[in-house]
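I opened this entry to keep a record of what I looked up, step by step, and of where I found each answer.

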Amino acid sequence: MNSIKTFLKTLGPGLLFASMAIGTSHLVLSTKAGAQYGWVMVIPIILANVFKYPFFEFGVRYTHLTNKTLIEGYLNRGKGYLWFYAAITLITTFTILAALYTVTAGLFINLFKVSGELTSYVALGLFVFISALLIVGRYAFLENSLKLVVSILFMALIVTTTLVIFKGQVAPVADFSPTPIFNEAGILFLIGLMGWMPTTVEASSWVSLWSIEKWRDKAGKPSFKQSLQEFNTGYVVTGLLAIFFLVIGWFTLYGTQTELSGNAVIFADQVVNLFTTHIGSWAYVFIAISAFATMFSTCMTAHDAVARVSLDIIDLLFPKTTLSGKKGPFALAIAVLALVNFVVITAFSANMGDLVALATFVSFVVAPVIGYMNLKNVMSDDLPEAHRPKKWLQWLTYAGIVFLSLFSLVYFWMVVSP
C-alpha cells in the first residue's frame with residue numbers, strides 16, 4: 001500500500017507526457033491508420049514507440065541527475081545546439097498548437113451541434129479558456145486535473161475497444177482492395193504517423209521542464225528509480241492507447257472505403273459517428289465527450305509546455321533575462337501563443353490536414369538530430385559515468401537514429417525525384 005501511495009505521489013511529468021501524446025497522433029493518425037490500412041499499421045506504431053523511447057528517457061535521466069533541463073544541456077554542448085533547438089521550437093509554435101486546437105474545436109462543434117463554419121471562433125474560445133486555466137492554476141492545477149482526465153480516458157477507451165472487438169469487424173464493401181502502403185501517399189502517411197508517434201521528439205525537453213517544475217512545487221524529489229518508473233508508466237499507457245485507437249479504426253472503417261476528412265468539423269463528425277454506428281447510438285455522448293477530453297487535455301499540456309520551453313530558451317540565449325519560473329512572463333507567453341496560433345488557424349481556414357501534415361513532417365525530419373543531441377547530453381561529463389545509459393540503451397538510440405534517418409532520406413528522394 002505504501003509503495004502505491006509513493007507511486008501516486010510521484011505521478012506528474014510522465015502523466016503529462018501521456019496526456020500530451022494521446023492527442024493528434026492517437027485520435028487522428030492512429031484511427032486513420034487502422035481505418036485505411038488495417039492491422040498491419042500496428043508494426044510502425046510499435047517501432048516508432050520502441051525506437052523513440054531512449055530520446056524521451058534521456059530527458060528524465062539528464063534532468064534528475066543534473067537538476068538541469070535538457071535545454072541547458074544543449075547549451076553546454078555548444079550554442080549551435082541551442083540555436084537549432086530554438087529554430088525547431090519556433091516552427092512548432094506555429095504548427096503544433098494550431099493543429100491541436102483545430103481538432104479540438106471541431107470536436108466541440110460536433111459535440112454541442114454548433115451550426116455554421118465557426119471553427120476559428122470556437123478555437124479562440126478554447127484559447128481563452130485554457131489560457132486562463134494555465135495562468136491561474138499553473139503546474140499544480142495541470143497535474144491534478146490530468147490525473148482524473150487520463151484515468152477516465154484510459155478506462156473509457158478500454159471499454160470502447162472491448163465493445164468494438166466484441167461486436168466484430170465491419171463487413172468490407174464488394175470488390176474491396178487494400179490500400180497500398182508503399183506508394184507515395186502511403187509512405188508520406190507513414191512518415192506523418194511515426195513523426196508524431198508517440199509524440200514529437202522535441203517534447204523530450206518538455207518532460208524535463210515539467211520535472212523541474214514539480215520539484216519546485218513539491219517538497220523534495222523522488223529517487224531516480226521512481227522518476228523512471230513514473231515516466232515508463234506514462235510511456236506504456238501512451239503506446240497502449242495508440243493501439244486501442246488503431247483497433248477502433250480497423251474494426252469500424254477498414255474495408256468500407258470511407259475516407260477520413262481533413263476538415264476539422266467533418267473529421268470530428270466522422271470519428272464520433274464511426275463509433276456510434278458500430279456500437280450503438282446510446283454510446284454517442286460517451287464517445288464524443290471522451291474524444292473531446294482527449295484533445296482538450298492535449299491542448300492544455302502542449303500549450304503549457306511550449307510556453308515553458310520558449311521562456312527557458314530565451315533565458316539561456318540572453319543570460320540577462322530571467323523569465324523562467326516567474327508568473328508574469330509565463331502568463332504573457334501563454335497569451336502570446338494563444339494569439340499567434342489563433343492567427344495561424346484563421347489563415348489556414350481551419351484545414352486540419354495541412355497543419356498536421358506540416359507539423360508531423362518537421363517533427364519527423366528533426367527527430368534523429370534531436371535524438372543525437374539528447375544522447376550527447378547523457379553521455380557527457382554532466383552525468384556520473386555510473387548513471388549514463390547502459391550499452392543496450394545506447395545501441396537502441398543509434399538504431400532509432402538510423403531508422404528515422406532512412407525514412408527521412410526516402411521522403412527527400414520522393415520530393416526531388418521527377
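**Charged pairs, a pocket and a surface patch**

I began with Glu 57, which counts as buried because its relative accessible area is 3%, under the 20% limit for that word. I kept in mind that I was reading a predicted model.

Next I looked up the partner of Glu 57, and found that its side chain meets that of Arg 61 in a salt bridge, at 2.6 Å from N to O. Arg 61 is also buried, at 9% relative accessibility, and the two residues sit 4 apart in helix H4, so about one helical turn separates them.

I then turned to helix H13, where Asp 304 and Arg 308 form a salt bridge of 2.8 Å, N to O. Asp 304 is buried at 0% relative accessibility, and Arg 308 is buried at 8%.

Which residue pairs with Arg 77 in a salt bridge? I found Asp 382, with the closest N and O atoms 3.1 Å apart. This pair links distant parts of the chain, 305 residues apart, as Arg 77 lies in helix H5 and Asp 382 in the loop between helices H15 and H16. I noted Arg 77 as partly exposed, at 22%, and Asp 382 likewise as partly exposed, at 27%.

For the second largest pocket I wrote down a volume of about 340 Å³ and a lining of 20 residues. H13 supplies the largest share of that lining, 7 residues, and the lining divides into 17 nonpolar, 3 polar and no charged residues.

Last, I looked at the surface, where Trp 39, Ile 43 and Leu 47 make a nonpolar patch of about 300 Å². Trp 39 counts as exposed, at 51% relative accessibility.

Note on methods
Residues numbered from 1 in each chain as written. Predicted model: local features only at pLDDT ≥ 70, side-chain atom pairs only at ≥ 80, totals over all residues. Heavy atoms only, no water. 1 Å grid on protein atoms, 1.4 Å probe; cavity = no way out; pocket = protein on both sides within 12 Å on 5 of 7 lines; lining within 4 Å. Points joined across faces, edges and corners; volume = space filled by probe spheres on them. Nonpolar A, V, L, I, M, F, W, Y, C, P; charged D, E, K, R; others polar. Patch = residues over 30% accessible without salt bridge, like charges linked within 9 Å, V, L, I, M, F, W, Y side chains within 5 Å. Areas by Shrake-Rupley, 256 points an atom, 1.4 Å probe, with all protein chains shown as cover. Salt bridge = Lys/Arg side-chain N within 4 Å of Asp/Glu carboxyl O. Buried < 20%, exposed > 50% of the residue type's maximum accessible area, 1.4 Å probe, protein only.
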